[in-house]
Amino acid sequence: MTALFVAGTGTDIGKTHVACALIRALKARGVAVDAFKPVVSGFDPEAPAASDPARLAEALGDPAALPRISPRRYRAPLAPNLAARLEGDTLALEDLAADCRAALAGDHELMLVEGAGGVMSPLTDEATNLDLIAALDLPVLLIAGSYLGTISHVLTALVALRARNVAIAAIVMSESLDAPDLFQTADALRAFERETPIFLAPRDEHWDAKALAEHLTKGL
Ligand SMILES: Nc1ncnc2c1ncn2[C@@H]1O[C@H](COP(=O)(O)OP(=O)(O)OP(=O)(O)O)[C@@H](O)[C@H]1O
Ligand SMILES: C[C@H](N)[C@H](N)CCCCCC(=O)O
Ligand SMILES: [Mg+2]
């Protein structure tokens, strides 16, 4: 496996949080890892440090990589197609896919491609994250929260991904604020999803993703 698409069951769910922890764990194992987020919205050019590309660049140990990680950056905290339109741009799936393919052709052992929002969130006026995942034919690392309601969101995302024959490498349940017990919620999900390993990321900005990295790099 040389690339993973980091998809979420929704927005603000933990995709970047988990991706950064995974990057740190992969680097600790000596894996040449890289990251790419084809389009970012809610990006404040006056305060870029909190943005997804800046956090990914920081985790990579290459703060200057921000523009390479996310070449398409828009201010409005909206779906990318809407945020782009406010700045006079029209996003096209083939352009986003071409940007991803160029990044995937780079020199790394594992590339993490982060989507925007959730699996079925729009990226363009006609295409969702799922359409990009299918176009790139990448396996997915599915990130979920642990809030009440997450089980339906995870199972629904799995149905959508499997309907397009997308491989799911692992699920990570990232602990949400004000949520029921993480372990109880994960066990309740496991009763319905027995195929895919489910990793837990307790509420900790310094979460050690060692076990996830080991799972994902088997055979690398
Ligand atoms: N397990 C966790 N422990 C600590 N903080 C977390 C955890 N999961 C998520 N967060 C925090 O929740 C917020 C949202 O997470 P994150 O930015 O990773 O979401 P996202 O899915 O990448 O959102 P977007 O759709 O905008 O890309 C961030 O401040 C992040 O640090
Ligand atoms: C701004 C936010 N943080 C994300 N980058 C974009 C989320 C788009 C969600 C669209 C939707 O599914 O309703
Ligand atoms: Mg993110």
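This passage walks through a predicted model of a protein with its bound ligands, starting at the metal site and ending in the loops.

A good place to begin is the magnesium ion, ligand 3. Three residues coordinate this ion: Thr16 through OG1, Asp52 through OD and Glu114 through OE, at 2.0 to 2.1 Å. Along the sequence, the donors follow the spacing T-x35-D-x61-E. Two of them, Asp52 and Glu114, tie together distant parts of the chain, for they stand 62 residues apart, with Asp52 in helix H2 (residues 52–60) and Glu114 in strand E3 (residues 110–114). Are these two acidic residues buried or exposed? Asp52 has a relative accessible area of 16%, and because buried means under 20%, Asp52 is classed as buried. Glu114 is buried as well, with a value of 2%.

Attention can now turn to ligand 1. There are 18 residues around ligand 1, and those that come nearest are Thr11, Lys15, Thr16, His17 and Ser174. Thr16 is thus a residue to look at twice: it belongs to the group nearest to ligand 1, and its OG1 atom also coordinates the magnesium ion. Several polar atoms of the protein face ligand 1. A backbone N or O atom of Ile13 lies 3.0 Å from one of the ligand's oxygen atoms. In the side chain of Lys37, an N or O atom is 3.3 Å from an oxygen atom of ligand 1. Ser174 approaches a nitrogen atom of ligand 1 instead, with a polar side-chain atom at 2.8 Å. How much of ligand 1 does the protein bury? On its own, ligand 1 exposes 630 Å², and the protein buries 79% of that area. The elements that give two or more residues to the shell around ligand 1 are helix H1 (15–28) and H2. H1 supplies the largest share of this shell, namely 3 residues. As for its location, ligand 1 sits in the largest pocket.

Ligand 2 offers a second binding site to explore. Its surroundings are made up of Thr11, Ser41, Pro77, Leu78, Ala79, Gly117 and Ser121. Thr11 appears here and also in the list of residues that come nearest to ligand 1. Two serines bring polar side-chain atoms towards ligand 2. The one from Ser41 is 3.1 Å from a nitrogen atom of the ligand, while the one from Ser121 is 2.6 Å from an oxygen atom. Taken alone, ligand 2 has 390 Å² of accessible area, of which the protein covers 61%. The space that ligand 2 takes up is the largest pocket, which is also where ligand 1 sits.

Beyond the ligands, some contacts within the protein are worth a visit. Asp34 is placed in strand E2 (residues 33–36) and is buried, at 14% relative accessible area. Its side chain makes a polar contact of 2.9 Å with the side chain of Arg68. Another buried residue is Thr150, with a relative accessible area of 1%, found in helix H7 (residues 150–163). A polar atom of the Thr150 side chain lies 2.7 Å from the backbone oxygen of Gly145.

Two C-alpha separations help to give a sense of scale. Ser51 lies in the loop between E2 and H2 and is buried, at 8% relative accessible area. The C-alpha atoms of Ser51 and Arg73 are 9.9 Å apart, with their positions 22 residues apart along the chain. For Ala211 in helix H9 (residues 210–216), the C-alpha atom is separated by 9.9 Å from that of Leu200, 11 residues away along the chain. At 44% relative accessibility, Ala211 counts as partly exposed.

Finally, the backbone holds something to notice in two loops. Most residues other than glycine have a negative phi. Which value does phi take in Asp12? Phi of Asp12 is near 60°, a positive value in a residue that is not glycine. Asp12 lies in the loop between strand E1 (3–8) and H1 and is exposed, with 77% relative accessibility. Asp137 likewise has a positive phi, near 55°. This residue sits in the loop between helix H6 (129–136) and strand E4 (140–144), and its relative accessible area of 65% makes Asp137 exposed.

Technical notes:
Residues numbered from 1 in each chain as written. Chains lettered and ligands numbered in written order. Predicted model: local features only at pLDDT ≥ 70, side-chain atom pairs only at ≥ 80, totals over all residues. Heavy atoms only, no water. Donors = N, O, S within 2.8 Å, 3.2 Å for Na, K, Ca; no water. Helix = DSSP H or I, 4+ residues; strand = E, 2+ residues; numbered from the N terminus. Buried < 20%, exposed > 50% of the residue type's maximum accessible area, 1.4 Å probe, protein only. Near = heavy atom within 4 Å. Polar contact = N/O pair within 3.5 Å; in protein donor to acceptor, adjacent residues only side chain to side chain. Areas by Shrake-Rupley, 256 points an atom, 1.4 Å probe, with all protein chains shown as cover. 1 Å grid on protein atoms, 1.4 Å probe; cavity = no way out; pocket = protein on both sides within 12 Å on 5 of 7 lines; lining within 4 Å. Sits in = over half its atoms within 2 Å of the grid points.
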